[in-house]
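Student: I'd like to practise reading a fold from its coordinates. Where do we begin?

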Amino acid sequence: MNVNQDKAPSDAPVIWITGASQGIGEAVAIAMAREGMVVAASARNVERLEALANQSTGLKGSIIPYPLDVTDQTAVNKTVHKIIENHGGIDQAILNAGTYISAPATGFTSDAVRQQVELNLMGVCHCLEPLIAFMTKRGQGTIAINASLAGYRGLPRAAGYGATKAALINMAESLNSELSDVGIDIKIINPGFVKTPLTSKNQFPMPFLMEVDKAAQVIVKGMKGRSFEIRFPRIFAAILGLLRRLPYPLYFWLIRKAG
Ligand SMILES: NC(=O)c1ccc[n+]([C@@H]2O[C@H](COP(=O)([O-])OP(=O)(O)OC[C@H]3O[C@@H](n4cnc5c(N)ncnc54)[C@H](OP(=O)(O)O)[C@@H]3O)[C@@H](O)[C@H]2O)c1
């Protein structure tokens with residue numbers, strides 16, 4: 001069955017989530033469906049999206065798979081138009097698809113950076129283009145971009161990843177300041193470490209590692225709130241927020257000491 005074809009527009013709010021086949025995106029999709037939303041779920045893995053859609057059976061809302069590679073602008077445009085056509089619009093979006101390639105500075109490669117730029121940064125831009133066009137015409141909508149606390153300052157092993165996340169934070173600040181006038185609320189999500197398939201590959205200690213369902217709850221609450229930034233876990237976010245303000249000599253001394 002092609003689930004995409006079978007959905008008539010309903011009154012329930014529609015949220016589009018990218019990177020929904022596992023990890024944070026999957027947990028948020030389920031939490032949003034519990035809240036009664038129609039969740040358009042995108043990622044490349046069709047089987048996982050269909051399994052996710054089945055998990056929404058019996059929930060107040062629903063999850064509909066929209067398989068997609070966000071690095072392809074044409075495919076993204078088509079998907080956004082399809083969701084709008086099938087469900088009567090998109091009220092909210094969480095642009096969450098992303099990856100982390102562990103890259104020690106001594107083995108620096110431009111290719112690792114390029115892969116992360118293509119997915120983490122350009123993947124988000126590809127989604128923003130049709131979303132901003134649609135929401136501007138409509139005069140309303142909420143778009144949250146999943147960056148990371150790693151975007152606050154340069155951290156070890158994250159030259160490429162951190163650069164993409166810092167760029168997203170900067171971009172969201174810029175868009176927020178302009179788009180609030182046309183009724184679009186741009187938010188940034190800055191998680192610390194969350195237990196997902198992505199972080200399960202990490203060989204280094206992950207302070208304040210958070211369960212994915214807890215992270216999803218914080219994101220659901222944040223999407224309803226008025227704050228620009230949704231960040232967690234609270235203590236780790238506060239520590240990194242403090243590090244962000246330190247002068248360079250003190251910052252580098254602390255980072256080297258932390259190993
Ligand atoms: N976990 C953490 O500790 C943490 C902390 C800070 C920020 N974040 C950010 O949170 C987001 C989600 O992280 P996660 O830990 O949940 O990662 P994850 O478990 O690896 O999930 C990543 C998701 O992105 C999708 N994806 C990857 N490439 C894609 C593409 N080209 N097109 C469409 N979808 C694609 C994957 O699905 P397919 O493979 O099926 O496409 C998957 O659903 C990322 O942006 C990450 O940087 C995570």
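**Reading the fold, step by step**

Tutor: Let's start with one residue: Ala51 sits in helix α2, which covers residues 46-55. Keep in mind as we go that this is a predicted model.

Student: Is Ala51 buried, exposed or partly exposed?

Tutor: Count neighbours. Burial takes 20 or more other C-beta atoms within 10 Å, and 12 or fewer makes a residue exposed. Ala51 has 13 other C-beta atoms within 10 Å, so it is partly exposed.

Student: How far is the C-alpha atom of Ala51 from that of Pro65?

Tutor: They are 9.4 Å apart, with the two positions 14 residues apart along the chain. You can play the same game with Gln115, which belongs to helix α4. Its C-alpha atom is separated by 9.9 Å from that of Thr71, 44 residues away in sequence. Gln115 is partly exposed too, because 16 other C-beta atoms lie within 10 Å.

Student: Let's zoom out. How many helices and strands does the protein have?

Tutor: There are 8 helices and 7 strands. For overall size, compare the radius of gyration with what a compact globule would give. For 259 residues that value is near 18 Å, and the protein has 18 Å, so the two agree. Along the principal axes, the C-alpha atoms fill a box of roughly 60 × 40 × 35 Å.

Student: What share of the residues is buried?

Tutor: Buried residues come to 38% of the 259. Then look at contacts with a separation of 6 or more: 68% of them link residues 24 or more positions apart.

Student: Now the strands. How many residues of β1 are buried?

Tutor: 5 of the 5 are, so β1 is largely enclosed by the rest of the structure. To read a strand, check each face in turn. In β1, Val14, Trp16 and Thr18 are buried on one side, and Ile15 and Ile17 are buried on the other.

Student: Which way do β1 and β2 run relative to each other, parallel or antiparallel?

Tutor: Parallel, with 5 bridges joining β1 to β2, residues 38-42. One pair to find on screen is Ile17 and its bridge partner Ala41 in β2. Between the two strands the chain passes through α1, and this β-α-β crossover is right-handed.

Student: What covers the faces of β4?

Tutor: I can tell you which residues are buried on each. Gln92 and Ile94 are buried on one side of β4 (residues 92-95), and Ala93 and Leu95 are buried on the other. As for partners, β4 pairs with β1 in the parallel sense over 3 bridges, and Ile15 has Gln92 as its bridge partner in β4. β4 also pairs with β5 (residues 141-146), again parallel, over 4 bridges. There, Ile94 is matched with Ala144 in β5.

Student: Is the unit of β4, α4 and β5 right-handed or left-handed?

Tutor: Right-handed, with α4 spanning residues 110-138. Now check β6, α6 and β7: they make a left-handed β-α-β unit. β6 (residues 184-191) and β7 (residues 229-232) run parallel and are joined by 4 bridges. Look for Asn190, whose bridge partner in β7 is Arg231.

Student: What should I look for in the backbone angles?

Tutor: Most residues other than glycine have a negative phi, and most peptide bonds are trans. Exceptions deserve a look. Arg157 has a positive phi, near 65°, and lies in the loop between β5 and α5. With 17 C-beta neighbours inside 10 Å, Arg157 is partly exposed. Phe208 has a positive phi as well, near 60°, and its loop runs between β6 and α6. Phe208 counts as partly exposed, since it has 15 C-beta neighbours inside 10 Å.

Student: Where is a cis peptide bond found?

Tutor: Between Phe232 and Pro233, where omega is about -10°. Pro233 belongs to the loop between β7 and α7.

Student: Last one: how many residues surround the ligand?

Tutor: The shell holds 31, and the closest are Gly19, Gly23, Arg44, Asn45 and Gly98. Sort them by character and you get 13 nonpolar, 15 polar and 3 charged residues. Helix α1 (residues 23-34) gives the most to this shell, with 3 residues.

Methods:
Residues numbered from 1 in each chain as written. Predicted model: local features only at pLDDT ≥ 70, side-chain atom pairs only at ≥ 80, totals over all residues. Near = placed C-beta within 6 Å. Nonpolar A, V, L, I, M, F, W, Y, C, P; charged D, E, K, R; others polar. Pairing = 2+ DSSP bridges. Right-handed = clockwise from strand over helix to strand, strands pointing away. Rg over C-alpha atoms; globule rule 2.2 N^0.38 Å. Contact = placed C-beta atoms within 7 Å.
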